[in-house]
Amino acid sequence: MLFRNRAVISLESVDSTNNYAANLIKLSPPPEGTVITAQFQTEGRGQRNAIWESHDSDNLLCSFILYPSFLKSEDTFFISQVVALAIQHTLENHLKKEVFIKWPNDVIVNNKKIAGVLVETTWSDSRLSHAVVGIGINLNQQEFDSPRAISVRKITGAAWDRLECLEALTIQLEKLYLKLKTGRFAEISGSYKEHLYLLGEKAQYISGNEQFTATCRGINQSGKIILELEDGLSQTFDLKEISLVY
Ligand code: BTN
């Protein structure tokens, strides 16, 4: 077992499970695989400085603590890939329907977002010292402000217990993290690409003030999306430079 001696820290309410995990590491680093979960976050955070909102006790909100010091800096995106794949596998097993990964690590079902990931890494001497992997999975929430959000319950009509989902997710994450630790990079990126949302399909993207049509051809090693533009030329973009209109 990879996440030996890991603890599950269950909180009722916290500002953000990612903040709690980061403080814990500063105070006294817990065993790898330790996970913090909360029923409610007062300052849940998402990608691109967004707020992550979640109704009290409805969804899975958690942060795993990892020490991926074996990774080279150019391979950091593999953390995002294994986490997105762990969620993808967990949800596909439960829902028995196709689940996609929207670059870099959103998880999509029925063209709507069901889960999001916020990976926060800390470096020392150009090695990764630790990563806090924050995961939000919409489980039982029925109403969302965004028309592009969905939950397990809205799909199946049935509730899924947060801690049961966490257990299933931990099993998948442990397996994939072991693959990463043993250097099975091609297998991981192959599987990530296999589940990539809108791969090979024309879609609308926004970069700066410009909206344009392009086709996703994959992701490069540093985690940038490769888009084929309408003139046939390919260009790469990082998360700060582009967003998909969907
Ligand atoms: C995103 O899609 O924008 C990422 C959302 C990540 C949300 C999770 S919920 C648990 C953890 N704590 C946070 O404050 N954020 C992550």
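In the hairpin of β8 and β9, two residues sit between the strands, and Gly-208 there has a positive phi near 60°. Strands here, like helices, are DSSP runs numbered from the N terminus (E over at least two residues for a strand, H or I over at least four for a helix). A word on what you're looking at: this is a predicted model, where local features need pLDDT of at least 70, side-chain atom pairs count only at pLDDT 80 or more, and totals for chains, interfaces and linings use all residues. Residues are numbered from 1 along each chain as its sequence is written, and side-chain values use heavy atoms, with hydrogens and water left out.

Back to the hairpin. β8 and strand β9 (residues 210-219) run antiparallel and are joined by six bridges; two strands count as paired if DSSP finds at least two bridges between them. Lys-202 has Thr-215 as its bridge partner in β9. Follow Thr-215 into β10 and its bridge partner there is Glu-228. β9 and strand β10 (residues 225-229) are antiparallel too, held by five bridges. Their hairpin has five residues between the strands, and in it Gly-223 takes a positive phi near 90°.

Now zoom out to the sheet that holds these strands. It's an open one with five strands in the order β11-β10-β9-β8-β12, and the pairing is antiparallel. β11 (234-237) and β12 (243-245) are the edge strands, each pairing on one side only. On average, neighbouring strands of this sheet are turned by 50° against each other, direction ignored. For angles like this one, axes are lines fitted to C-alpha atoms (for helices, over the stretch in contact), and angles run from 0 to 180 degrees between N-to-C directions. On the β12 side, β8 (residues 202-207) pairs with β12 in the antiparallel sense over three bridges, and Gln-204 stands opposite Val-245 in β12.

The loop between β11 and β12 is home to Asp-238. Is Asp-238 exposed or buried? Neither, quite: its relative accessible area of 23% makes it partly exposed, given that buried means under 20%, exposed over 50% and partly exposed in between (1.4 Å probe, protein chains only). Leaving aside neighbours within four places in sequence, Asp-238 is in contact (heavy atoms within 4.5 Å) with Trp-103 and Lys-224. From Asp-238 to Thr-170 is 68 residues in sequence and 28 Å in space, C-alpha to C-alpha.

On to the other sheet, which is open with seven strands in the order β1-β2-β3-β7-β6-β5-β4 and mixed pairing. β1 (8-14) and β4 (100-102) stand at its edges with a single partner strand each, so one side of each has no neighbour in the sheet. Neighbouring strands of this sheet are turned by 25° on average, direction ignored. Among its pairs, strand β5 (residues 106-109) and strand β6 (residues 112-124) are antiparallel over three bridges, and Ile-108 has Lys-113 as its bridge partner in β6. Helix α1 (residues 17-27) lies across β1, β2 (35-41), β3, β6 and β7 (127-137), running at about 25° to β3.

Strand β3 (residues 60-66) is where you'll find Ser-63, which is buried, with a relative accessible area of 0%. Not counting residues up to four places away in sequence, Ser-63 touches several residues, including Thr-17, Ala-21, Ile-36 and Val-133. Its side chain also makes a polar contact with the side chain of Asn-18 at 2.5 Å. A polar contact is a pair of N or O atoms within 3.5 Å; within protein, one must be able to donate a hydrogen and the other to accept it, and residues adjacent in sequence count only if both atoms are side-chain atoms.

That leaves the ligand. Which residues are closest to it? Ser-16, Gln-41, Arg-45, Gln-47 and Lys-113 are, out of 20 that surround the ligand (a residue is near a molecule if one of its heavy atoms lies within 4 Å of it). A polar side-chain atom of Ser-16 lies 2.8 Å from a ligand oxygen atom, while one from Thr-17 lies 3.1 Å from a ligand nitrogen atom. For Gln-41, an N or O atom in the side chain is 2.8 Å from a nitrogen atom of the ligand. The protein covers 98% of the 420 Å² of accessible area that the ligand has on its own, with areas from the Shrake-Rupley method and a 1.4 Å probe.
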